[in-house]
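Here is a guided walk through a two-chain model. Keep the viewer open beside the text, and turn the structure as you read.

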Amino acid sequence: MHKQLIIAAAAAFAVAAGGALAAPPDWSKVPAKKITVFYPGVSPMEWIMRGTEHGGARGIKKGETCAGCHDDETADMGKKMVSGQKIEPNPQKGKAGSIPVSVQAANDGTNLYLRFSWKQPAGGGKKMDAENQVKLAFMLEDNKVELANIGGCWSTCHQDARTMPEAKDDKKTKYVKGGTVGSGKYYDLVQWKSTGKTADGYVADKRVMEGGKGLVSAEGKNDGGTWTVTFVRKLAGGGEGDIALAPGKTYNFGFAIHDDHTEGRYHHVSLGYTLGIDKKADITAAKQ
Amino acid sequence: MSSQEPGTGGKQPGALGRLWAFLRRPSARYSLLALLVVGFFSGIIFWGGFNTAMEVSNTETFCISCHEMYDNVYQEYKKTIHYTNRTGVRAVCSDCHVPREWHYKVARKIAATKELWGKLTGTIATREKFEAKRLELARSEWKRMKAADSRECRNCHSFESMNTESQKKRASKQHEIAIEDKMTCIDCHKGIAHQKPKGMTEADES
């Protein structure tokens, strides 16, 4: 009896101490936000800000966010680009124009919980990444990178990055102009791959897929064609390139899905949204 | 010899001289009223004829009778919403490129005689020549439209009658910015009926 009590106490203590082992919320009680990720064609920041190509440049200069104009039409935009009708010189046959995703967020004072769920569209395209059928990554930013509040992770997208038509260096990753970890001008990047591998890195003047200490776990499952990926990430972050998330604050957020063995620019992306920790935002991670 | 008209310097008048003399001589047979009434109605017929001829030059058929127009800008326009909207409503060349008000219209017609010279000398007679001149031609039209505050657009579309609530979010937000910044239609809607030319610069953004 005494021994059992000690074991029980030890187990309880372990659970309490390892905040990482804190139970995820009851997802059926967490409101879901539907975000339709879409195929973005060739739309780097250089194109976005060119008024003769993108009428929205004018709005951006006045502080209008991408979602402010485009939120309800991302499916139409994706359709136009994936077909090659607009800003896509290399359309991929059979690729979906957009994917509606259900996004849920919650926190328990120690961890942020993010859950993404979507129905897999038909694929069958060229296998660019043979190993990973699906990848999902999200980025968080603490209101320092230019235009991050406008377009979420779009500020990392440039015309000279690899797989872009104007790229000259096939090793050049996404980057933030003038970004460094020290200055705070960077994005925290967290990725899950369908092989089960995860990465916690950042994008400053280039993308680094390690160094983060915030990610606790990322689990994904495919249930008859519906993918569900759940991330547990310590609010405090703690590693290099980690954003410290504080209650009562909002952060810039965006995510992308590499569906059907794709890589590089052939992903479906979200517009920029705000993530609030115990604060009302586009996506609110309320305390459970 | 017929009687000589005074002031002819003693020479026999030619056919032109005799015609002129005939016209100058006061009417012996007809009353002033008769002459005025006939003149009035002849004027109407002449004016109608003149105007009809001028309006023929505003028809789509007339414009595309030149291969420069038919092969290039007409083909591009056919792919746009000004050729056919969701219910088949259409704007033709003159709806955008020729002013409706008579005095602006005539001024444009006079300026357009330059295009006859262009046609004669074949300035855009081939696809290559057209593409080479496209940006210059586009900028010239944008300049004319901007100077007239997009008058031809506003014949059908206007900020006053626009119902921004019924528009898509993106359109209604852009139009609200345009109204706020006192912009004109052509500032943003370049390329609405023909392909945008290559080589546009930041200066062409508004």
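Two residues are in contact if their C-beta atoms, placed from the backbone, lie within 7 Å. With that in hand, please remember throughout that this is a predicted model.

## A tryptophan to start from

A good place to begin is A:Trp27, which sits in the loop between helix 1 (2-17) and strand 1 (33-38) of chain A. Leaving aside residues up to four places away in sequence, A:Trp27 touches A:Gln104 and A:Arg115.

Is A:Trp27 buried, exposed or partly exposed? A residue needs 20 or more other C-beta atoms within 10 Å to be buried, and 12 or fewer to be exposed. A:Trp27 has 16 such atoms within 10 Å, so it is partly exposed. For a sense of distance, pick A:Thr180, which is 153 residues from A:Trp27 along the chain: their C-alpha atoms are separated by 36 Å.

## Chain A as a whole

Chain A combines six helices with 13 strands. Its radius of gyration is 20 Å, close to the 19 Å that the globule rule gives for 288 residues, so chain A is as compact as a globular protein of that length. Taken along the principal axes, the box filled by its C-alpha atoms is roughly 75 × 40 × 35 Å.

Of the 288 residues in this chain, 41% count as buried. If you take the contacts between residues at least 6 apart in sequence, 66% of them join residues at least 24 apart.

How confident is the predictor in chain A? The average pLDDT is 93, and 93% of the residues score at least 70. Residues 16-20 of chain A are a stretch to treat with care: the pLDDT there is below 50, and beyond near neighbours in sequence the stretch has four contacts in the model.

## Helix 5 and its buried face

Now turn to helix 5 (residues 74-82) of chain A. Its buried residues are A:Thr74, A:Met77, A:Gly78, A:Met81 and A:Val82. Looking down the helix axis, you will find these buried residues within an arc of 120°, so they line one face of helix 5.

What covers the buried residues of helix 5 of chain A? The cover includes strand 1, helix 4 and strand 2 (98-107) of chain A. After helix 5 comes A:Gly84, with a positive phi near 90°.

## Two positive phi values outside glycine

Most residues other than glycine have a negative phi. Against that background, two loop residues of chain A are worth a look.

A:Leu147 is not a glycine, yet its phi is positive, at about 65°. This leucine belongs to the loop between strand 4 (135-141) and helix 6 (148-151) of chain A. It has 17 C-beta neighbours inside 10 Å and counts as partly exposed.

A:Asp260 likewise has a positive phi, near 60°, in a residue other than glycine. Its loop runs between strand 10 (250-258) and strand 11 (268-269) of chain A. With 23 other C-beta atoms within 10 Å, A:Asp260 is buried.

## Chain B

Chain B has 11 helices and zero strands. Its radius of gyration is 26 Å, well over the 17 Å that the globule rule gives for 206 residues, so chain B is more spread out than a compact globule. Its C-alpha atoms fill a box of roughly 85 × 40 × 30 Å along the principal axes.

Buried residues make up 9% of the 206 residues in chain B. Among its contacts with a separation of 6 or more, 55% come from residues 24 or more positions apart.

Helix 10 (residues 169-180) of chain B lends itself to a quick check. At 1.5 Å a residue, its 12 residues should span 16 Å, and the end C-alpha atoms are 16 Å apart, which agrees. Just after helix 10, B:Lys182 takes a positive phi of about 50°.

## Where the chains meet

Finally, bring both chains into view. The contact takes 12 residues from chain A and 10 residues from chain B. On the side of chain A that touches chain B, the elements giving two or more residues are helix 3 (56-61) and helix 4 (66-70) of chain A. Helix 4 gives the most, with three residues.

What kinds of residue make up the side of chain A that touches chain B? They divide into one nonpolar, six polar and five charged.

Key:
Residues are numbered from 1 along each chain as its sequence is written. Chains are lettered from A and ligands numbered from 1 in the order in which they are written. This is a predicted model: local features need pLDDT of at least 70, side-chain atom pairs count only at pLDDT 80 or more; totals for chains, interfaces and linings use all residues. Helices (H or I, at least four residues) and strands (E, at least two) are DSSP runs, numbered from the N terminus. The radius of gyration is taken over C-alpha atoms; the globule rule is 2.2 Å times the number of residues to the power 0.38. The expected span of a helix is 1.5 Å times one less than its number of residues. pLDDT is the predictor's confidence in each residue, from 0 to 100. Ala, Val, Leu, Ile, Met, Phe, Trp, Tyr, Cys and Pro count as nonpolar, Asp, Glu, Lys and Arg as charged, and the others, Gly among them, as polar. The arc is that of the directions from the helix axis to the C-beta atoms.
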